[in-house]
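Student: I'm new to this one and would like a close look at a single part of it. Could you walk me through a place where two pieces of the protein meet?

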Amino acid sequence: MFDETIVAVSTAFGEGAISIIRLSGSEAINIVNKVFKGKNLMDVKSHTINYGHIINIEDGFAIDEVLVSVMKSPRTYTAEDIVEINCHGGIFVTNKIMELLLTLGARVAEPGEFTKRAFLNKRIDLTQAESVMDLIQAKTEESLNVAVNALDGRVSKLIKNLREEVLSLIASIEVNIDYPEYDDAIVISKKILKPSIEEIIKKIDEILEVAKTGKILRDGIKTVIVGRPNVGKSSLLNKLMREEKAIVTEIAGTTRDLIEGYINIAGITLNLIDTAGVRDTEDVVEAIGVERSKKVINEAELIILVLDNNEVLTKDDIKLLEITEHKKRIILINKVDLESKIEKNKIDNYIETSMLDDDSIIKVEQKIKEIFELGDFKTKDLTYLSNSRHIAKLNNAKNSLTESLISIENEMPVDMIEIDIKDAWIFLGEILGEEVGDELINELFSKFCLGK
Ligand SMILES: Nc1nc2c(ncn2[C@@H]2O[C@H](COP(=O)(O)OP(=O)(O)OP(=O)(O)O)[C@@H](O)[C@H]2O)c(=O)[nH]1
Ligand SMILES: [Mg+2]
């Protein structure tokens with residue numbers, strides 16, 4: 001438990017019907033009670049909602065008419081006493097109540113601090129805490145399902161089971177070390193340890209395979225539209241988004257900066273980025289845009305390279321074809337409604353499109369589905385590991401186990417083998433947050449929104 005009682009506005013900032021001010025900590029009820037006119041909150045039952053007014057202490061005037069929820073430890077979000085004030089959603093009134101609570105001894109919560117307390121108080125583990133953020137940021141039904149399952153503790157269970165299996169390996173080694181006369185150590189490691197380790201590695205591989213989809217479901221696919229100026233990149237972005245998001249003109253060099261949008265294809269979020277046309281240029285502003293485009297190409301998971309059907313291939317086109325060669329990409333020969341001048345024989349695997357024709361967009365979407373094998377995802381019953389941090393740690397655990405197999409093969413002493421197996425156990429623990437330092441914890445939670 002923590003000494004300080006924290007407070008934050010948990011609803012989005014701005015004018016709205018209601019705002020919720022949330023407090024957590026041992027003084028939460030006491031603090032609100034001092035400015036609440038209604039029932040004595042110290043005496044009300046846990047998990048009740050109480051009608052009354054928030055009163056200015058100095059003059060006794062009501063600041064707002066409110067509903068106050070009182071939830072007593074331990075069955076609360078943070079496992080501490082929690083009070084939530086439902087006030088009217090004006091910026092001024094919300095701030096005024098916040099100020100009042102601060103003068104009474106509450107401290108402003110840091111981003112994610114409520115969830116962090118839930119974790120530190122051991123109500124949830126780290127995978128569950130992280131899934132709270134995923135849930136808030138979910139943009140599709142599928143990514144929401146993945147997050148809800150993780151919040152439910154399904155990812156934890158998966159990892160905990162693996163970890164128990166690793167632990168029983170360690171236990172069997174310990175027995176062996178303690179009673180060397182028990183049997184021949186090398187025989188034991190080869191006959192007993194090896195198959196068990198291989199079995200665990202197999203399970204990890206299966207989880208990692210499913211995680212590929214999980215990661216796409218959670219993070220979406222970072223997609224960049226590139227091409228020379230005026231080939232129709234912004235037109236494509238607008239068509240895919242069904243919205244006039246980017247400015248389209250017949251002037252080459254219209255898009256100067258990166259333009260971003262999100263679309264949903266088969267339940268997967270595509271983070272689309274429209275870029276400034278790439279060409280050798282003297283224009284400083286345009287040159288900066290071009291540099292940025294090159295950078296985003298490197299970071300992208302999918303490139304849509306747009307070429308102009310109505311013009312012959314230029315040096316810039318060739319260069320773009322080259323630099324995107326090793327990426328997942330879709331090549332569009334656009335403006336097929338116009339006369340064809342492009343040398344199609346020099347390009348393979350392209351789609352012909354016209355932004356004047358809606359079928360072209362369906363073709364592009366179909367191609368994206370094909371490339372990423374996007375079908376129907378069973379997000380309701382399948383547990384996906386989706387978070388990069390978890391996937392990385394699981395890979396680490398796998399590598400440690402693989403190391404231990406090599407040691408067994410080389411007939412190393414058992415305590416050497418045990419070191420690698422223990423590492424695997426620690427890596428799995430890091431996923432659950434059992435073996436992680438303060439620094440990581442602080443960083444993870446700082447990405448949360450205020451009041452969560
Ligand atoms: N005929 C025809 N015109 C198109 C097509 N696609 C885009 N255009 C036109 O081409 C011009 C340039 O389109 P944009 O979408 O702005 O091209 P861009 O690639 O974003 O250009 P920059 O931002 O300058 O790099 C506009 O006048 C569009 O209306 C197409 O398929 N057929
Ligand atoms: Mg443009």
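Tutor: Sure, let's get our bearings before zooming in. This is a predicted model, and the protein is divided into domain 1 (6-124), domain 2 (129-215 + 383-446) and domain 3 (219-371). Notice that domain 2 is written as two stretches, 129-215 and 383-446. Counting up the secondary structure of the protein gives 14 helices and 13 strands. As for overall shape, the C-alpha trace spans about 80 × 80 × 40 Å along its principal axes. The radius of gyration is 29 Å, whereas a compact globule of 452 residues would come out near 22 Å.

Now for the close look: the place where domain 2 meets domain 3. Their C-alpha centres lie 41 Å apart. At the interface, 6 residues of domain 2 are in contact with 7 residues of domain 3. Putting the two together buries about 500 Å², and carbon and sulfur atoms give 42% of that. On the domain 2 side, K139, T140 and K215 lose the most area to domain 3, together making up 77% of what that side buries.

One of those three, K215, has another role here: its side chain meets that of D219 in a salt bridge, at 2.9 Å from N to O. The count between domain 2 and domain 3 is 1 salt bridge. Polar contacts across this interface come to 2 residue pairs. Fittingly for this topic, the residues on the side of domain 2 that touches domain 3 split into 3 polar and 3 charged, with no nonpolar ones.

Notes:
Residues are numbered from 1 along each chain as its sequence is written. Chains are lettered from A and ligands numbered from 1 in the order in which they are written. This is a predicted model: local features need pLDDT of at least 70, side-chain atom pairs count only at pLDDT 80 or more; totals for chains, interfaces and linings use all residues. Side-chain values use heavy atoms; hydrogens and water are left out. Domain bounds come from an automatic or database domain assignment. Contact means heavy atoms within 4.5 Å. Buried area is the accessible area (1.4 Å probe) that two parts lose on being put together, summed over both. A salt bridge is a side-chain nitrogen of Lys or Arg within 4 Å of a carboxyl oxygen of Asp or Glu. A polar contact is a pair of N or O atoms within 3.5 Å; within protein, one must be able to donate a hydrogen and the other to accept it, and residues adjacent in sequence count only if both atoms are side-chain atoms. Ala, Val, Leu, Ile, Met, Phe, Trp, Tyr, Cys and Pro count as nonpolar, Asp, Glu, Lys and Arg as charged, and the others, Gly among them, as polar. Helices (H or I, at least four residues) and strands (E, at least two) are DSSP runs, numbered from the N terminus. The radius of gyration is taken over C-alpha atoms; the globule rule is 2.2 Å times the number of residues to the power 0.38.
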